[in-house]
Amino acid sequence: MNFLAHFHLADVSATSFTGNLLGDFVKGAELHYLPASVATGIRLHRAIDLYTDNHALVKEAMALISPARRRFAGIIVDVAFDHYLARSWRDWHADSLEAFAGGVYASLLEEYELMPPRAQRTVSHMSEHDWLNGYARLPNIYRSLDNIAARLSRRTTMYGAGEEVELNYQALEVCFMGFYPQLLNYVENIDTHSL
């Protein structure tokens with residue numbers, strides 16, 4: 001899952017937004033140098049990723065991606081699923097997406113000093129350009145995927161991957177709508193103290 005989903009699931013599980021962000025930025029099992037709440041969020045992020053990567057509906061969504069971009073299918077599907085989550089936000093959360101995003105940005109900026117530099121840069125760009133609300137618009141999905149492609153070490157077929165979402169829009173949405181309630185149920189029933 002991508003940023004918006006991880007933050008939503010952090011909210012559902014009452015775990016740290018910062019920890020759920022840092023799951024993409026902190027490696028290894030040694031997390032004792034971080035506050036316990038942040039470490040729990042990192043471990044939840046990893047559990048969510050493991051559950052997601054092994055789910056049949058996610059694999060079905062990834063199979064929709066063209067062979068030329070199949071090696072990036074996980075990234076493309078993650079970003080696409082954030083788009084569908086943003087578009088249907090009122091189905092999943094009582095607060096507006098704008099209010100939720102504002103709360104996430106404020107929380108992340110409060111714990112900015114806990115983050116490695118790469119995560120700090122991401123949070124700065126995310127809050128400045130309001131990525132979380134932006135996911136609701138398809139042109140921003142194109143931009144997001146191209147920005148990810150630009151961070152790869154060499155030019156790849158990842159550029160222009162937004163067209164994969166547009167070409168498979170309804171089928172990907174069906175996969176998301178089938179998968180996300182199951183992921184929510186998984187997170188709602190996870191014992192975060194055992195992570």
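In this predicted model, much of helix α3 is tucked away: V38, A39, T40, G41, I42, L44, H45, A47, I48, D49 and T52 are buried. The helix runs over 18 residues and reaches 26 Å from its first C-alpha to its last, close to the 26 Å expected at 1.5 Å a residue. The cover over its buried residues includes α1, α2, α4 and α11. One of those buried positions is T40, which sits in α3 and has a relative accessible area of 16%; since buried means under 20%, T40 makes the cut. Setting aside neighbours within four places in sequence, T40 is in contact with T15, T192 and L195.

Helix α3 also takes part in the aromatic pairing, which comes to 13 pairs in the model. The rings of Y51 and Y186 have their centres 4.4 Å apart and their planes at 10°, so this pair is stacked. Y51 belongs to helix α3 (residues 36–53) and Y186 to helix α11 (residues 169–188), so the pair ties together parts of the chain that are 135 residues apart in sequence. Neither ring's residue is classed as buried: Y51 is partly exposed, with 23% relative accessibility, and Y186 is partly exposed too, at 26%.

A second pair brings in another part of the chain. For W92 and Y180 the ring centres lie 5.1 Å apart and the planes are at 85°, so this one is edge-to-face. Here again distant parts are linked: W92 is in the loop between α5 (73–87) and α6 (97–110), while Y180 is in helix α11, 88 residues apart. Both W92 and Y180 are buried. The two pairs belong to one aromatic cluster, formed by Y51, F81, Y84, W92, Y169, F176, F179, Y180 and Y186.

Y180 turns up again in the nonpolar interior. The largest nonpolar core has 64 residues, and those with the most contacts inside it are F7, L21, F81, L132 and Y180. Helix α5 supplies the largest share of this core, with nine residues. As for Y180 itself, its contacts, leaving aside neighbours within four places in sequence, are M1, A5, H8, L9, L85 and W92. F81 and Y180 thus appear both in the aromatic cluster and among the core residues with the most contacts.

Charged pairing is a brief story by comparison, and it centres on R69. The count comes to two salt bridges. In one of them, the side chains of E163 and R69 meet at 2.9 Å, N to O. E163 lies in helix α10 (residues 162–167) and R69 in the loop between α4 (56–63) and α5, so the bridge ties together parts that are 94 residues apart in sequence. E163 is partly exposed at 36% relative accessibility, whereas R69 is buried, with a relative accessible area of 10%. The other bridge joins the side chains of E164 and R69, at 3.0 Å, N to O. E164 also lies in helix α10, so this bridge to the loop between α4 and α5 ties together parts that are 95 residues apart in sequence. E164 is buried, with a relative accessible area of 4%. Through their shared partner, R69, E163 and E164 are joined into one network.

Helix α7 (residues 117–129) gives a picture of a helix with two sides. It has 13 residues and reaches 18 Å from its first C-alpha to its last, close to the 18 Å expected at 1.5 Å a residue. Within α7, A119, Q120, T122, V123 and M126 are buried. Seen down the helix axis, the buried residues of α7 fall within an arc of 160°, so they line one face. An α-helix has 3.6 residues a turn, so residues three or four places apart point the same way. What covers the buried residues of α7 includes α1 (3–13), α2 (17–22), α6 and α8 (131–134). On the face turned away from the buried side, α7 carries the exposed residues P117, E128 and H129. Just after the helix comes D130, whose phi is positive, near 50°.

How values were computed: Residues are numbered from 1 along each chain as its sequence is written. This is a predicted model: local features need pLDDT of at least 70, side-chain atom pairs count only at pLDDT 80 or more; totals for chains, interfaces and linings use all residues. Side-chain values use heavy atoms; hydrogens and water are left out. Rings of Phe, Tyr and Trp (its six-membered ring) pair if their centres lie within 6.5 Å; planes under 30 degrees apart count as stacked, over 60 as edge-to-face and the rest as tilted. Helices (H or I, at least four residues) and strands (E, at least two) are DSSP runs, numbered from the N terminus. Buried means under 20% relative accessible area, exposed over 50%, partly exposed in between (1.4 Å probe, protein chains only). A salt bridge is a side-chain nitrogen of Lys or Arg within 4 Å of a carboxyl oxygen of Asp or Glu. A nonpolar core is a set of buried Ala, Val, Leu, Ile, Met, Phe, Trp, Tyr and Cys residues joined through side-chain atoms within 4.5 Å. Contact means heavy atoms within 4.5 Å. The expected span of a helix is 1.5 Å times one less than its number of residues. The arc is that of the directions from the helix axis to the C-beta atoms.
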